[in-house]
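Biologist: Hi, could you walk me through this model? I'd like to get a feel for it before I go back to the bench.

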Amino acid sequence: MSIMTYAEGIREGMSIRMRENPNVVLFGEDVGAFGGCFGVSAGMFDEFGPERVRDTPISEGAIIGCAVGAAATGLRPIAELMFCDFLTVGMDQLVNQAAKMRYMFGGKINMPMVVRMPAGAGSGAAAQHSQSLEAWCTHIPGLKVVYPSTAEDALGLMLSAIDDDNPVIFFEGKLLYGMKSEVSSKEPIPLGKGKIVREGGDVSIITYGRQVFDAAKAADLLAKDGIEAEIIDLRSLYPLDKALIEQSIAKTHKAIVLTEEVKRGGYGGEISATIAEEFFDSLDAPVARIGALNTPVPFAPVLEQYYMPNEMDVVAAAKNMF
Amino acid sequence: MEISNELMKDIYLQMRRIRDFEGTAAKLFADGEVPGFVHLYMGEEAIAPAVCACLRDDDFITSTHRGHGHIIAKGGDLNLMMAELLGRETGYCKGKGGSMHIADRDKGILGANGIVGAGHCISTGAGLSIKLRKTDQVCVCFFGDGSTNQGTFHEALNMASIWKLPIIFVCENNHYGISMSQARHQAIKDVSDRAAAYNMPGVSVDGNDPLAVYEAAFEAVARARAGKGPTLIECKTYRQHGHFEGDPATYKPKEEQAAWMEKDPLPRFAKFLEDNGVMTAKEIETVDAQVAQQIKDAIEFAKAQPIPSPESAVVDVYSDIVEEVRVR
């Protein structure tokens with residue numbers, strides 16, 4: 001067992017596979033000697049060299065497109081986008097190329113690529129460096145999407161993402177990078193498997209990424225009022241662990257879906273609708289959906305904090321159900 | 001430069017196969033048997049066969065929405081192509097791609113592509129893969145003049161140049177981006193001028209002369225294989241049809257069309273072969289007849305193939321997940 005930061009978990013996952021397989025490579029803006037904008041690849045340049053830990057020009061289309069071409073011809077590339085907001089610049093390569101090639105070509109091509117991208121607000125980075133754009137990716141057939149919350153999950157999901165023959169979008173909570181947690185296993189964590197991070201019988205909080213920690217704070221507060229919340233960390237957004245959600249709701253009969261995305265059109269809506277459609281009979285109350293405001297991410301700390309959902313929103317939603 | 005008679009005969013054969021395949025595809029489209037869009041390469045047949053004559057089976061190409069010529073020249077199977085155009089289960093893409101998305105990984109064909117400018121970036125990935133796997137393969141990226149105004153063109157040429165990737169960028173300048181003439185859509189005449197911005201060799205050749213194309217491609221391929229980096233080749237040619245079948249192309253001046261029809265690469269190369277004693281008129285006739293039979297066989301094959309089951313729509317989105325079928 002060891003203690004690692006979230007960033008170290010991601011790095012260790014990439015490094016394990018790069019040590020084993022020369023065809024696993026990392027490229028992106030400033031990922032080389034600079035170590036990545038958030039330091040995630042620090043030291044990897046020294047271990048693996050400039051060919052396999054490769055700086056790219058500021059060209060998001062070419063970064064993602066390069067991953068597509070490399071994946072189609074024998075590599076297992078990991079592409080880093082400096083911020084998920086920059087996905088807009090390379091969106092065609094992800095949506096029209098990476099996601100669709102296998103299908104368009106009749107299943108005859110593999111696309112083993114990972115695109116890493118930091119997401120989320122809370123660092124005062126304002127509207128173009130703070131978004132949570134996971135719904136854009138979950139909306140596209142052909143992409144898998146993961147969003148770990150701890151170092152161990154980041155490590156294990158990275159191993160599985162690299163091993164996968166499909167494009168995997170690897171969201172990283174940028175406020176989580178420095179957060180330390182225990183890593184007791186360095187085994188792959190299968191995509192599509194969530195986990196219960198806190199058991200409780202009264203209400204299910206379904207979440208992922210940094211909001212897992214907001215949910216934990218909310219659960220502590222609710223416990224003082226005698227409400228025992230169960231927290232599901234989805235870890236994978238697609239494939240989605242519907243069985244785990246079903247099992248939890250069958251016990252609690254109440255569901256809160258908590259994400260940091262702009263609420264309108266977010267993936268939280270898809271999860272909520274799935275619960276309503278498929279597990280309606282288990283519910284004692286309408287599904288509560290909590291997200292950010294329907295605004296761009298504002299700059300000033302007081303505005304940004306107001307924009308983001310927090311534990312008090314969860315507490316209020318839970319109390320409304322009783 | 002010396003080019004063997006055998007190679008010239010091969011190039012002519014491929015040009016003829018492309019011309020006849022597309023003539024048939026156009027007819028089938030007009031008859032309502034081919035769904036969707038069909039973009040013809042007609043008039044540009046001197047290019048892909050001459051470029052691909054410099055390639056090996058394990059080399060890669062990226063293609064465009066106007067991809068039939070590239071795919072045939074790189075060794076694509078006419079039967080499977082025709083079956084795909086007709087949306088059959090046993091077509092190249094099991095009926096999921098159609099004319100714009102034919103790929104053949106075993107032949108190094110990384111796919112025709114419906115997005116103008118997408119292949120440029122994909123070719124950088126193939127190039128990087130070749131470099132890191134330390135083989136002497138190359139990748140040819142085919143594209144039109146219209147796509148050279150996309151950001152991806154500039155991103156990819158820059159990346160290929162700084163990394164010295166083994167890529168040959170082949171611009172098929174057919175002088176139109178859909179309805180917009182080159183004179184209107186860019187402020188340069190020679191697309192090859194843009195090579196200077198990326199510090200790579202750039203050359204413009206007569207794209208209706210397969211020997212001129214071959215010569216430029218031969219040198220660029222040798223350069224790429226030797227690890228010396230990418231080249232931009234501009235082949236000046238003309239799209240004889242509209243952007244897509246059904247486009248009346250009223251934006252093309254009649255005199256311009258007529259002048260280019262005089263330079264139609266098929267009769268022109270046939271005449272060259274005859275004049276230079278490479279093939280007799282009778283031999284050319286024989287090749288033409290063989291090709292006509294191949295196309296006839298392809299149609300017969302395609303029409304005999306099964307229509308896909310509707311439920312097969314949920315397969316092949318992922319390697320390991322079958323999506324939910326529709327429940328009614």
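Modeller: Happy to; we can take the chains in turn, then their contact, then a pair of helices. Keep in mind that this is a predicted model.

Biologist: Great. How many helices and strands are in chain B?

Modeller: Chain B has 11 helices and 7 strands.

Biologist: And why would you call chain B compact?

Modeller: Its radius of gyration is 20 Å, close to the 20 Å that the globule rule gives for 328 residues, so chain B is as compact as a globular protein of that length. The C-alpha atoms of chain B fit a box of roughly 60 × 50 × 40 Å along the principal axes.

Biologist: What share of chain B is buried?

Modeller: Buried residues are 53% of its 328 residues. As for contacts in chain B with a separation of 6 or more, 76% of them are between residues 24 or more positions apart.

Biologist: Now chain A, please. What is it built from?

Modeller: Chain A contains 12 helices and 14 strands. Its radius of gyration is 19 Å, which agrees with the value near 20 Å for a compact globule of 322 residues. The C-alpha trace of chain A spans about 60 × 45 × 40 Å along its principal axes.

Biologist: How much of chain A counts as buried?

Modeller: That would be 59% of the 322 residues. In chain A, 79% of the contacts between residues at least 6 apart in sequence join residues at least 24 apart.

Biologist: Let's move to where the chains touch. How many residues does each chain bring to the contact?

Modeller: Chain B brings 36 residues and chain A brings 36 residues. On the chain B side, α5 (118–133) and α6 (151–162) each supply at least two residues. The largest share of that side comes from α5(B), with 11 residues.

Biologist: What kinds of residues are on that side of chain B?

Modeller: The side of chain B that touches chain A has 19 nonpolar, 11 polar and 6 charged residues.

Biologist: Different topic: how do α1 and α11 of chain B cross?

Modeller: The axes of α1 (residues 5–30) and α11 (residues 281–304) of chain B come within 9 Å and cross at roughly 40 degrees. That angle makes α1(B) oblique to α11(B). The crossing of α1(B) past α11(B) is right-handed.

Biologist: Which residues meet there?

Modeller: From α1(B), they include Y12(B), L13(B), R16(B) and F21(B). On α11(B), V287(B), D288(B), V291(B) and I295(B) are among them. The residues of this contact divide into 8 nonpolar, 2 polar and 4 charged.

Technical notes
Residues are numbered from 1 along each chain as its sequence is written. Chains are lettered from A and ligands numbered from 1 in the order in which they are written. This is a predicted model: local features need pLDDT of at least 70, side-chain atom pairs count only at pLDDT 80 or more; totals for chains, interfaces and linings use all residues. Helices (H or I, at least four residues) and strands (E, at least two) are DSSP runs, numbered from the N terminus. The radius of gyration is taken over C-alpha atoms; the globule rule is 2.2 Å times the number of residues to the power 0.38. A residue is buried if 20 or more other C-beta atoms lie within 10 Å of its own, exposed if 12 or fewer, and partly exposed in between; C-beta atoms are placed from the backbone. Two residues are in contact if their C-beta atoms, placed from the backbone, lie within 7 Å. Ala, Val, Leu, Ile, Met, Phe, Trp, Tyr, Cys and Pro count as nonpolar, Asp, Glu, Lys and Arg as charged, and the others, Gly among them, as polar. Axes are lines fitted to C-alpha atoms, for helices over the stretch in contact, and angles run from 0 to 180 degrees between N-to-C directions. Angles under 35 degrees count as roughly parallel, over 145 as roughly antiparallel, 65 to 115 as roughly perpendicular and the rest as oblique. A crossing is left-handed if the near helix is turned anticlockwise from the far one by less than a right angle, and right-handed if clockwise.
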